[in-house]
Amino acid sequence: MMGPSLLERHKSFTSLVFPFTSNFVLENLGRMGVTLFLFVIGVKMDLGLLKRSGKKHLYIALASVFGPFLIVSIVAVLTRESMDEELARVSSIGEIALSLSVTTFPFHYTILEELNLLCSEVGNMALSIALISDAIGINFMVVFEAMKQGDAMVWIIEQTQEGEAVDQFYVIAILLGSFVAAFVTDMFGLGITNGSFWLGLMMPDGRPLGSTLVQKSETIITEVFMPCSFVFMGLYTDFYAMKEAGWSALRPLFSLVISGYLSKFFFTMLAAKVVGVSWRDSLAVSLILSLRGYVELVLYVHWVDRNVIGLPGYSLMILGTIVVVGILTPLISILYDPSKPYMLKQRRTIQHTAQGDHLRILVCIRDKTNLPSLVNLLQLFHPTVQNPFSLHAFYLVELIGPANPVFVEHQNQELEDLSGRFPDLEIIHHALKQYQEGREECVELHLFSAATVKPTMYQDVCKLALISKAVFIILPLEKKLDGEMETTEQWGGESGSIVTQILDNAPCSVGLLVEKAERWQLPQIASYNFIVLFLGGPDSREALAFSDRMSGNPCVSLTVVRFLASNAEGDDEMQRKLDDGVVTSFWVKNEANERVNYREVVIRNGADTASAIVRMAAEKYYHMWIVGRKQGINPSLLEGLSTWSDHKEDMGILGDYLSFSKSVNSDSVLVVQKQVLTGKGPNFFTPPGSI
């Protein structure tokens, strides 16, 4: 809008906003931004993904590159007579055909990250294909760029000397080195961005160097330099120049662009379908790989500098990119929802796991500080040969250095190789192995780790829960010294946090474990007191089923307190009948167990509920309080308590009250949410006969 297409046509605006020297400053800031940005993308790129890519990805990448390249080349031959002299050159046609065929990894990584598709099946496939496509395109791009520059300065290429390696121990020196590399490649006709990008590929990814480079430079690059780059590119754009050039001059280039977009889309979709990808996923992958972004915008500017295209052609390419991205991006979001594959129609809960079957539990670990609360809980779970369980431990690390997410199922010999990317891996592995010692016959241990960005971390958790057939996910939450939850630092923030996403999309039940007492090991006492607050509803029934598994432990004393509304006014009758059945079954099973106590409390409102909880906490010290996440079968049970709650979206009203109330002293609080079935919201009521 600020360019010659609109505001710059008014001299008063131009003289005020863009004085004579400003264009020089803005252009150089823009080029610096692109240079540094592609350097950081190069640092993030993990070329190991090429080795891990399967034949399916290779075949799709080959078809999506060479198919469109062939079609665009044929169209170019047919329309060559109507092209101007510069565009008609073989080198120019080759550059344009290749740019319309190649899928650039840097841009597609960014768009997948923005769409929260990095860890989805379609996202992983698109990343692999983009990387293979980029690897193919880089080789050919060098050839065509050299041909173009060779039209004028072939003798410079013959004198090319390799530069010395940049000192990798100094971040500033490396960033300055990216400018040197950009200058060298630009001088020899290979484009200003190629040098910095290739230098980024040379950098060791991950910790400590790769992650440090990204952390130190990414914010200022994306927030300061890149906006200057986009303004600079926009100021180049002049739609009036297209009008002045006329349709006859732009028709050959327009034909190349249209044929490139269409052939890219259809070749990618058909190739994906041929190798066994579903039609829906094939369509999503083809739409993703048809997108164009800032890498192409930089290339268009480069073409103008090299006289491959003129200003009208550049404006046409910009317009095409805007239209394609504007249409395809919302279509991708509509067609592909990464959360859908995780939601199930069959039951995966503790309540519906038969006695004697493996109880499959997935525990999520962000760092070694999560270990005490998790191991302490597992020690009290009391697995036996008659009631074994499978423990799937999932260590999650935020992705900072390498761009593509990593998911690893560990073998013993792999731990040392991955210690740089997963710093607490050996400590976590040792602690879990120590827990398993003496329990090998009744405890199966599987260790996984993943490096991914926070917005898509929940997808990894849900995916592993789905694959491992877990019936319960345990998420540890810690409190800061000021009493606040660690969700902001550990699990991605308050709004749209990993906790919220897992609760909304998990294929099984979920438990939020809040550690209130900082202990590295359980106190050596004869008995541990647990209490279950039963307010009714699906979540409370799952919480009761969880605690029932612990009732067999001779070291655990369990108290179950059922809260009932006075006169049963406002109760959901269907849910109350289901509650009656579950509670009766539990009590019949444990009536002879002296370590299990059951009682009922009749209350009128949330104030009565809080008073009853405070009295219970004063009567006895309970090491763990267990409660369902949702409000139960009667809203009056928690009436008024919501005004005291700051984290009720994740923890629920009562879970939040127990976790933060100074009147409730305990080691920990476990907040349970029962599995949400496909097509049901978190508050759905279970149909009669299915509890």
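Which residues in helix 13 are buried? The close-ups below, all taken from a predicted model, start with that helix.

**View 1. Helix 13 is mostly covered.** This helix runs through residues 279-289, and 8 of its 11 residues are buried. Here's the roll call: Asp281, Ser282, Ala284, Val285, Ser286, Leu287, Ile288 and Leu289.

**View 2. Helix 12 gives the most to a nonpolar surface patch.** The patch is made up of Trp247, Phe254, Ile258, Leu262, Phe266, Leu270 and Trp279, and together they have about 720 Å² of accessible area. Helix 12 covers residues 247-274 and chips in 6 residues. One of the patch members to pick out is Ile258, which sits in helix 12. Its relative accessibility is 35%, so Ile258 counts as partly exposed.

**View 3. Strand 3 has a covered face and an uncovered one.** Look along residues 406-409: Val406 and Val408 are on the covered face, while Phe407 and Glu409 are on the uncovered one. In a regular strand, side chains take turns between the two faces of the sheet. Strand 3 pairs with strand 4 (residues 443-452) in the antiparallel sense, over 4 bridges. To find your way across, start at Phe407: its bridge partner in strand 4 is Ala450.

**View 4. Thr349 is a buried loop residue.** You'll find Thr349 in the loop between helix 15 (311-335) and strand 1 (359-365). Its relative accessibility is 1%, so Thr349 counts as buried. The Thr349 side chain makes a polar contact of 2.7 Å with the side chain of His352. Leaving aside residues up to four places away in sequence, Thr349 touches Val471, Ser509, Glu542, Lys674 and Gln675.

Conventions:
Residues numbered from 1 in each chain as written. Predicted model: local features only at pLDDT ≥ 70, side-chain atom pairs only at ≥ 80, totals over all residues. Heavy atoms only, no water. Buried < 20%, exposed > 50% of the residue type's maximum accessible area, 1.4 Å probe, protein only. Helix = DSSP H or I, 4+ residues; strand = E, 2+ residues; numbered from the N terminus. Polar contact = N/O pair within 3.5 Å; in protein donor to acceptor, adjacent residues only side chain to side chain. Contact = heavy atoms within 4.5 Å. Pairing = 2+ DSSP bridges. Patch = residues over 30% accessible without salt bridge, like charges linked within 9 Å, V, L, I, M, F, W, Y side chains within 5 Å. Areas by Shrake-Rupley, 256 points an atom, 1.4 Å probe, with all protein chains shown as cover. Salt bridge = Lys/Arg side-chain N within 4 Å of Asp/Glu carboxyl O.
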